[in-house]
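Colleague: I should like a close look at one part of this model, followed by a connected account of its surroundings. Please take the contacts between charges and rings as the starting point.

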Amino acid sequence: MIPQNFEYSRPTTLAEALTLVSAGAKPLAGGMSLIPLMKLRLAAPEQIVDIGRIAELSYIRETDAAIAIGATSTHYDVESSSLIRAKCPLLAETAAHIGDVQVRNRGTIGGSIAHADPAADYPAALLALETKVRIVGAEGERTIAFDDFLLDTFATALEPGEIIREVIVPAEDSATGTSYQKVVQPASGFAIVGIAVRIRKMEGKIAMARIGVTGLAAKAYRAVAAEQALEGTSGGAAELQHAAAELIAGVDANSDLFASAEYRKHLARVYTLRALAVALSRAA
Ligand code: FAD
């Protein structure tokens with residue numbers, strides 16, 4: 001279908017984009033989610049502001065034991081960045097799982113988290129990484145935890161007039177092992193279930209465990225009970241099984257054509273065990 005008519009602007013500075021967005025224009029980044037919605041007439045913005053050519057939103061740089069990733073960095077930028085591969089490999093691994101080559105070359109990290117699809121890949125990793133999101137608006141800027149940013153299915157803490165400027169992830173050391181394991185929805189590439197694990201081992205014990213889950217429920221979540229079940233243990237088989245059971249306990253799982261709620265939970269348990277095994281093997 002053809003989208004409804006709209007006004008199109010393509011500013012080259014963030015300040016110009018903010019002026020337009022605070023007047024009601026809708027940001028367009030890679031267009032991988034917004035354009036299909038417009039073609040289906042599920043979205044009909046009257047004014048579009050294309051932020052894809054704003055140089056000050058596209059960067060990946062290291063700052064104070066963290067990596068700042070500009071909102072319009074594409075999934076390919078993240079997947080192929082030598083800095084992210086070396087210091088935050090979980091994010092590069094996750095980006096490589098998104099869609100196909102075309103989607104990864106157009107889609108952006110800011111667009112993905114703003115869209116908040118419950119089956120998107122990034123949220124699992126961003127939760128496990130305890131990511132911060134830097135947001136700018138006409139009133140100034142604020143930084144919030146990604147856990148607080150993600151509110152519900154297709155719902156975030158972004159206020160009207162705001163633009164995501166960057167996401168900030170930790171620069172990891174070699175004691176941290178990570179893994180993203182995903183069951184792929186064969187038609188779209190989205191996650192039926194995706195599990196991101198980040199583990200730090202010290203003196204043979206799991207000193208820190210962070211687990212993000214996507215695809216399983218209405219929104220991606222951190223599996224805090226599973227994390228607590230792991231911390232302080234040596235990560236033996238029974239302990240991993242216990243954590244995987246905690247991850248799905250009491251979850252109101254999604255059910256659709258591809259996987260019933262019960263099957264999704266089964267997949268989540270199995271893929272948690274796989275992600276834990278890989279992350280533990282990578283924690284030096
Ligand atoms: P756009 O489509 O341009 O925008 C999406 C939304 O975000 C809009 O509401 C827009 O206004 C808003 N927005 C964009 N940037 C900002 C910003 N900086 N600040 C505030 N709001 C902003 N995703 C996965 O995770 N896994 C997959 O396997 C996967 N497979 C896909 C397969 C196909 C065929 C397609 C078309 C998409 C797939 N996607 C998948 C989605 C893809 O990752 C999109 O890139 C992503 O959801 C949206 O990013 P975008 O840059 O294209 O955003």
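Which ring does the charged end of Arg-274 sit over, and how many Å from its centre?

Modeller: The structure is a predicted model. In it, the ring concerned is that of Tyr-271, and the charged end of Arg-274 is placed over this ring at 4.6 Å from the centre. A further contact of this kind involves Arg-61, which lies over the face of Tyr-59 at 3.8 Å from the ring centre.

The setting of Tyr-59 can be described further. Tyr-59 belongs to the loop that joins strand E3 (47–50) to strand E4 (60–63). Its relative accessibility is 11%, and Tyr-59 therefore counts as buried, the limit being under 20%. Between the C-alpha atoms of Tyr-59 and Glu-130 there is a separation of 20 Å, with these positions 71 residues apart along the chain.

From rings that meet a charge one may turn to rings that meet each other. The count of aromatic pairs comes to one. The partners are Phe-146 and Phe-149, whose ring centres are 6.0 Å apart and whose planes make an angle of 20 degrees, so the pair is classed as stacked. The step from angle to class rests on the cut-off, since planes under 30 degrees apart count as stacked. Both Phe-146 and Phe-149 are in helix H9 (residues 146–149), where three residues, about one turn of the helix, set them apart. Phe-146 and Phe-149 are both buried.

Beyond H9 in the sequence comes strand E8 (150–152), and the loop between E8 and E9 contains Phe-154. The backbone of Phe-154 merits attention, for its phi is near 55 degrees, a positive value in a residue other than glycine. Most residues other than glycine have a negative phi. With a relative accessibility of 48%, Phe-154 is counted as partly exposed. Ala-65 also has a positive phi near 55 degrees while not being a glycine. Ala-65 is located in the loop between E4 and strand E5 (66–70). At a relative accessible area of 57%, Ala-65 is exposed, because the limit for that class is over 50%.

The empty space in the model comes next. One cavity of 30 Å³ or more is present, and the largest cavity holds about 30 Å³ of space. Its lining consists of Ala-116, Asp-117, Pro-118, Pro-123, Leu-150, Lys-219 and Ala-220. By class, five residues of this lining are nonpolar, two are charged and none is polar.

Separate from the cavity is the largest pocket, with a volume of about 1,200 Å³. Its lining is made up of 50 residues, and those nearest the centre of the pocket are Ser-33, Leu-34, Gly-111, Ala-114 and His-115. Two or more lining residues come from each of strand E2 (26–28), helix H2 (34–39), helix H7 (109–115), strand E9 (155–156) and strand E10 (163–170). The greatest contribution is that of H7, which supplies five residues. The lining of the largest pocket divides into 28 nonpolar, 16 polar and six charged residues.

Helix H2, one of the elements that contribute to this lining, also contains Ile-35. Ile-35 has a relative accessibility of 32% and so counts as partly exposed. Ile-35 and Ala-191 are 156 residues apart in sequence, and their C-alpha atoms are 21 Å apart in space.

Helix H1 (residues 14–22) shows how burial is arranged around a helix axis. Its buried residues are Leu-14, Ala-17, Leu-18 and Val-21. These residues span an arc of only 100 degrees around the axis, which means that they are on the same side of H1. The exposed residues Ala-15 and Thr-19 are carried on the face of H1 turned away from the buried side.

Last comes helix H12 (residues 261–282), which includes Val-278. A relative accessibility of 24% makes Val-278 partly exposed. The C-alpha atom of Val-278 is 9.2 Å from that of Gln-181, although 97 residues set the two apart along the chain.

To return to the opening request, Arg-274 is placed over the ring of Tyr-271, and Arg-61 over the face of Tyr-59.

Technical notes:
Residues numbered from 1 in each chain as written. Predicted model: local features only at pLDDT ≥ 70, side-chain atom pairs only at ≥ 80, totals over all residues. Heavy atoms only, no water. Phe/Tyr/Trp six-rings, centres within 6.5 Å; stacked < 30°, edge-to-face > 60°. Helix = DSSP H or I, 4+ residues; strand = E, 2+ residues; numbered from the N terminus. Buried < 20%, exposed > 50% of the residue type's maximum accessible area, 1.4 Å probe, protein only. Lys NZ or Arg CZ within 6 Å of the ring centre and 35° of its normal. 1 Å grid on protein atoms, 1.4 Å probe; cavity = no way out; pocket = protein on both sides within 12 Å on 5 of 7 lines; lining within 4 Å. Points joined across faces, edges and corners; volume = space filled by probe spheres on them. Nonpolar A, V, L, I, M, F, W, Y, C, P; charged D, E, K, R; others polar. Arc of directions from axis to C-beta.
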